[in-house]
Amino acid sequence: MTSGATTVVPKADGDFIGFAGDTLVVLDRNAKPAAVDLSPSPHLVEVPHANYPEGVYPQGIVDRVTTEKRGVLAASTMRLSALSGGHSVLHVYPKPTVQPTGAEVVTSPNGDYVLIQVGNPRADAGLGSSVGYDEFSLSDPHAGRPLGRYGTASEGWQMGRATFVGPRRQVWTTVERTRSNGTTQSALIAREAGGWRRVAANVIVALGHADGYVVYQPGTWKTLPDTASDVPTAVPTTSAVLANGGAMYSLGLTGTEFAWVVGGA
């Protein structure tokens, strides 16, 4: 909503999953996915028979059902679980070395395609084990295609956060890798017919728009000395950039999260 009204979300643990269409999906206090229903007063409605949400799509959530062998992940079934109940299979990953990472599920602005980040859960490479994205249509049947890795396996690039750009849903994503000296290198890449193209070096986050705009933040990943965790933190280095086609504009600000909002008169 853009009316300026504020609504308190009841009985949520603060983990907001995203919007399924116009409905906000959160985790309730039992770590179950739930929709925020505003009528007659704000309350949560648990998504029936759903597992932990990996992402959202216009009618519900994307979740996962796993099978194990001897206590080790063997296969995953990615599902579309509607807010009203009911499930459909999006894709089955039968190989234990190629599985959804659980780190990133991205839905296109029009709600017709979804990206699932995949990798080897048994690997220990750089910032994670993600080596690619798979793209699926949300129409039945759910046709899909792998988008492939960036660079060679020996280069060790890991997929970061992806976004859709333009009316043809071009996929852009950040990538990262850890060098032998322990420093982290990053870049912004775009998927084209011939494969991945590097757009810019040293980018920590990007967000696309259906009209073809992209805002991205130059920066680096650092382990900050004043934090208890040794996980690298995204640190902006210069002004964020707004790009559209060949034109680029400095925004005169920095950030690690960006969002598009609907404008009004």
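**Salt bridges**

In this predicted model, six salt bridges are present. Three of them serve as the opening stops.

Select R64 and E54 first. Their side chains form a salt bridge, with an N to O distance of 3.1 Å. R64 belongs to strand β6 (residues 60-69) and E54 to strand β5 (residues 53-57), so the pair ties together parts that are ten residues apart in sequence. Are R64 and E54 buried or exposed? Both residues are buried.

Next, display D63 and R79. This salt bridge brings the closest N and O atoms to 2.8 Å apart. D63 sits in strand β6 and R79 in strand β7 (residues 72-82), and the pair thereby links distant parts of the chain, 16 residues apart. D63 has a relative accessibility of 0% and therefore counts as buried. R79, at 13% relative accessibility, counts as buried because the cut-off is under 20%.

For the third stop, select R145 and E135. The closest N and O atoms of this salt bridge are 2.8 Å apart. R145 is found in strand β12 (residues 144-146) and E135 in strand β11 (residues 130-137), so the pair ties together parts that are ten residues apart in sequence. What is the status of R145 at 40% relative accessibility? R145 counts as partly exposed, whereas E135, at 6% relative accessibility, counts as buried.

**Strands β5, β6 and β7**

Return to the strands that carry the R64–E54 and D63–R79 pairs, and switch to a backbone view. Strands β5 and β6 run antiparallel and are joined by four bridges. To locate one of the bridges, select V56, whose partner in β6 is I61. The two strands form a hairpin, with two residues between them.

Follow the chain onward from β6 to β7. How many bridges pair β6 with β7? There are ten, and the pairing is antiparallel. Among the residues to highlight here is T67, whose bridge partner in β7 is A75. β6 and β7 also form a hairpin with two residues between them. Select R70 in that turn and inspect its backbone torsions: phi is positive, at about 55°.

When side chains are shown on these strands, one general point is useful. In a regular strand, the side chains alternate between the two faces of the sheet.

**The sheet β13-β14-β15-β16**

Now select the four strands of the open sheet, whose order is β13-β14-β15-β16 and whose pairing is antiparallel. Which strands form the edges? They are β13 (158-165) and β16 (195-201), each of which pairs on one side only. Looking across the sheet, the twist averages 30° from one strand to the next.

Focus on the end of the sheet formed by β15 and β16. Strand β15 (residues 184-192) pairs with β16 in the antiparallel sense, over six bridges. Select E192 to find one of its bridge partners on β16, namely G195.

**The nonpolar cores**

Keep the sheet displayed and add the side chains of L115, Y150, V171, V175 and W196. These residues touch the most other members of the largest nonpolar core, which has 14 residues. Which elements give two or more residues to this core? They are β13, β14 (170-178) and β15. The largest share, three residues, comes from β13.

Centre the view on L115 and show its surroundings. Leaving aside neighbours within four places in sequence, the residues in contact with L115 include V105, V106, Y133, L147, A162, F164 and V171. Also in contact with L115 are E104, D134 and E135. E135 is already familiar as the salt-bridge partner of R145.

Another core, of 13 residues, lies apart from the largest one. Select Y93, V105, V114 and L138, which are among its members. As background to both selections, nonpolar side chains tend to be buried together in soluble globular proteins.

**The whole chain**

Finally, zoom out and colour the chain by secondary structure. How many helices and strands does the chain contain? There are zero helices and 21 strands. Colouring by accessibility instead picks out the buried residues, which make up 39% of the 265 residues in the chain. The accessible surface comes to about 14,400 Å², and carbon and sulfur atoms account for 51% of that area. In a contact map, consider the contacts with a separation of 6 or more: 39% of them are between residues 24 or more positions apart.

Key. Residues numbered from 1 in each chain as written. Predicted model: local features only at pLDDT ≥ 70, side-chain atom pairs only at ≥ 80, totals over all residues. Heavy atoms only, no water. Buried < 20%, exposed > 50% of the residue type's maximum accessible area, 1.4 Å probe, protein only. Contact = heavy atoms within 4.5 Å. Areas by Shrake-Rupley, 256 points an atom, 1.4 Å probe, with all protein chains shown as cover. Pairing = 2+ DSSP bridges. Axes fitted to C-alpha atoms, helices over the stretch in contact; angles between N-to-C directions. Salt bridge = Lys/Arg side-chain N within 4 Å of Asp/Glu carboxyl O. Core = buried A, V, L, I, M, F, W, Y, C linked by side-chain atoms within 4.5 Å.
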